[in-house]
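Trainee: Please give me a close look at a single part, the largest pocket. Then set that part in its surroundings.

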Amino acid sequence: MKLVVRVRLLPTPRQAAALEATLTACNEAATWAASVAFEEGARKNLALRKLAYQGIKTRWGLGAQAAQHSIKKTCDAYTTLTANLRAGRYGKPGSKRHTHASGKPVAFRPQAAQPYDDRMLSWQHEARTVSIWTTTGRMKNLAFTGQAEQLEVLARHRQGESDLVHQGGKWYLIATCEIPEAALNTHPVAFLGVDLGIVNIAATSDGERHCGRRINRKRENDRKLRRKLQQKQTKSAKRRARKYAGKEARRNKDINHKISKRIVAEAQRTGRGVALEDLKGIRERARLRKPQRTTLHSWTFAQLGAFIAYKAKKAGVPVVYVDPAYTSQECSQCHHTERGNRPSQAWFACRSCGFVDHADHNSSHNIAHRGWMAWVCGAQSAAPELTPIA
């Protein structure tokens, strides 16, 4: 399986200037190639290379590999744009947003990421330095640092391209690593159900609840602070807004990593699989008021589900996705389903058998049961084939 490792570069002022000039030149070349692709209708790699390759090398002085990567980056951007347009993420054809996205060439920020292959970048893991291509020549002895575990994974399993990124005044290299997968547990004893929510980020069928009250309170405070800074429109307010940019996303990512790690570790320890709700399209289906929509749209359930999935794959823990319909209204004991079974947001009380439990805990049991049924119905038979008797 593929994972990415991000290491921080520690350039000197002279090295940082060379990296910035290189990144700017590559992105200007990619933006020019995107305009050529838009005008000529050449959005495939080979066709665009015939039109833009020589011009990029002559005008910006890029090397052969850097020019090809800039062209490929442009083609990938158009492929992503086409997929998003077809999926309706920019609205219906003819709408203002759809026309605005499809009616102009793709453009790249001056600090957008630039891919590097092994011809342009080499790693010296013992010295913790890299040798990297720039527009001013090959730059050697560029120091990097990172967490010990990540550096060990990088040294052992790095394969393919790496991306040079300039973010928040800091320089990073994002490397792709090919990690061997653990053998899949094809005979889980049961499934650990995980109910995802807003009040409780995740509730498991073991009774563990990861409360979201604290993160929701911080998220609301950050939202108020951004609104206040946007209204001031002063230089200090803009500077402070840039300082806090991405803070909420980084906090959510850290919390999701911790929650997913605990869930997968518990499932692996007990020999179980993990059952998750299939929540695709929930934002389009939900009919809520504006304040509730804001809370729902900032809910990072997709990221948490993705973290659980890749950590489970790495550990050999099976993961199944189940239909979330009526899991909050169904009794986990007698399976009676009724809207009246939820007298409040936090509690579940079955009107048929009288079973009372925390609502999220009850839902997680239903998800675990549906996960087990999906696994049993979908798993291939392990019985040996019968040998015909002559």
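Mentor: A pocket here is an open set of grid points with protein on both sides within 12 Å along at least five of seven lines, and its lining residues have an atom within 4 Å of a point. Its volume is the space filled by probe spheres set on those points. Keep in mind that this is a predicted model.

Start with the pocket itself. The largest pocket has a volume of about 1800 Å³. Its lining consists of 38 residues. Val4, Gln147, Gln150, Lys253 and His257 are the ones nearest the centre. By class, the lining divides into 14 nonpolar, 11 polar and 13 charged residues.

Next, the elements behind it. Six of them each give at least two residues to this lining: strands E1 (2–10) and E7, and helices H5 (148–157), H7 (235–244), H8 (247–270) and H11 (301–315). Helix H8 makes the largest contribution, with 10 residues.

Now take the strands. E1 and E7 both help to line the pocket, and both belong to an open sheet of seven strands. The order is E2-E6-E7-E1-E5-E4-E3, and the pairing is antiparallel. E7 and E1 are therefore neighbours inside the sheet, while strand E2 (114–116) and strand E3 (121–124) stand at its edges. Each edge strand has a single partner, so one of its sides has no neighbour in the sheet. From one strand to the next, the twist averages 35°.

On its other side, E7 meets E6. Strand E6 (residues 158–167) pairs with strand E7 (residues 170–178) in the antiparallel sense, over seven bridges. One bridge joins His166 to Trp171 of E7. In general, strands of a sheet pair through backbone hydrogen bonds, either parallel or antiparallel.

Helix H11 also lines the pocket. Phe301 is found in H11. Buried means under 20% relative accessible area, and Phe301 has 11%, so Phe301 counts as buried. Phe301 also lies 7.7 Å from Gly197, C-alpha to C-alpha, although 104 residues separate the two in sequence.

Follow helix H8 away from the pocket. By the rule used here, there are two cavities of 30 Å³ or more. The second largest cavity holds about 50 Å³. Asp222, Leu225, Arg226, Tyr244, Lys247 and Glu248 line this cavity. Helix H6 (213–232) and H8 are the elements that supply two or more of these residues. H6 gives the most, with three. This lining has two nonpolar residues, no polar ones and four charged ones. H8 thus has a part in both linings: that of the largest pocket and that of the second largest cavity.

One helix outside that list deserves a check. Helix H1 (residues 13–40) has 28 residues and, at 1.5 Å a residue, should span 40 Å. Its end C-alpha atoms are 41 Å apart, which agrees. Just after H1, Gly41 takes a positive phi of about 70°.

Last, the whole chain. The secondary structure comes to 12 helices and 14 strands. The C-alpha atoms fill a box of roughly 80 × 75 × 45 Å along the principal axes. Of the 390 residues, 39% count as buried.

Methods: Residues are numbered from 1 along each chain as its sequence is written. This is a predicted model: local features need pLDDT of at least 70, side-chain atom pairs count only at pLDDT 80 or more; totals for chains, interfaces and linings use all residues. Side-chain values use heavy atoms; hydrogens and water are left out. Two strands pair if DSSP finds at least two bridges between them. Helices (H or I, at least four residues) and strands (E, at least two) are DSSP runs, numbered from the N terminus. Axes are lines fitted to C-alpha atoms, for helices over the stretch in contact, and angles run from 0 to 180 degrees between N-to-C directions. On a 1 Å grid over the protein atoms alone, a cavity is a set of points where a 1.4 Å probe fits but cannot get out, and a pocket is an open set with protein on both sides within 12 Å along at least five of seven lines; lining residues have an atom within 4 Å of a point. Ala, Val, Leu, Ile, Met, Phe, Trp, Tyr, Cys and Pro count as nonpolar, Asp, Glu, Lys and Arg as charged, and the others, Gly among them, as polar. The expected span of a helix is 1.5 Å times one less than its number of residues. Buried means under 20% relative accessible area, exposed over 50%, partly exposed in between (1.4 Å probe, protein chains only).
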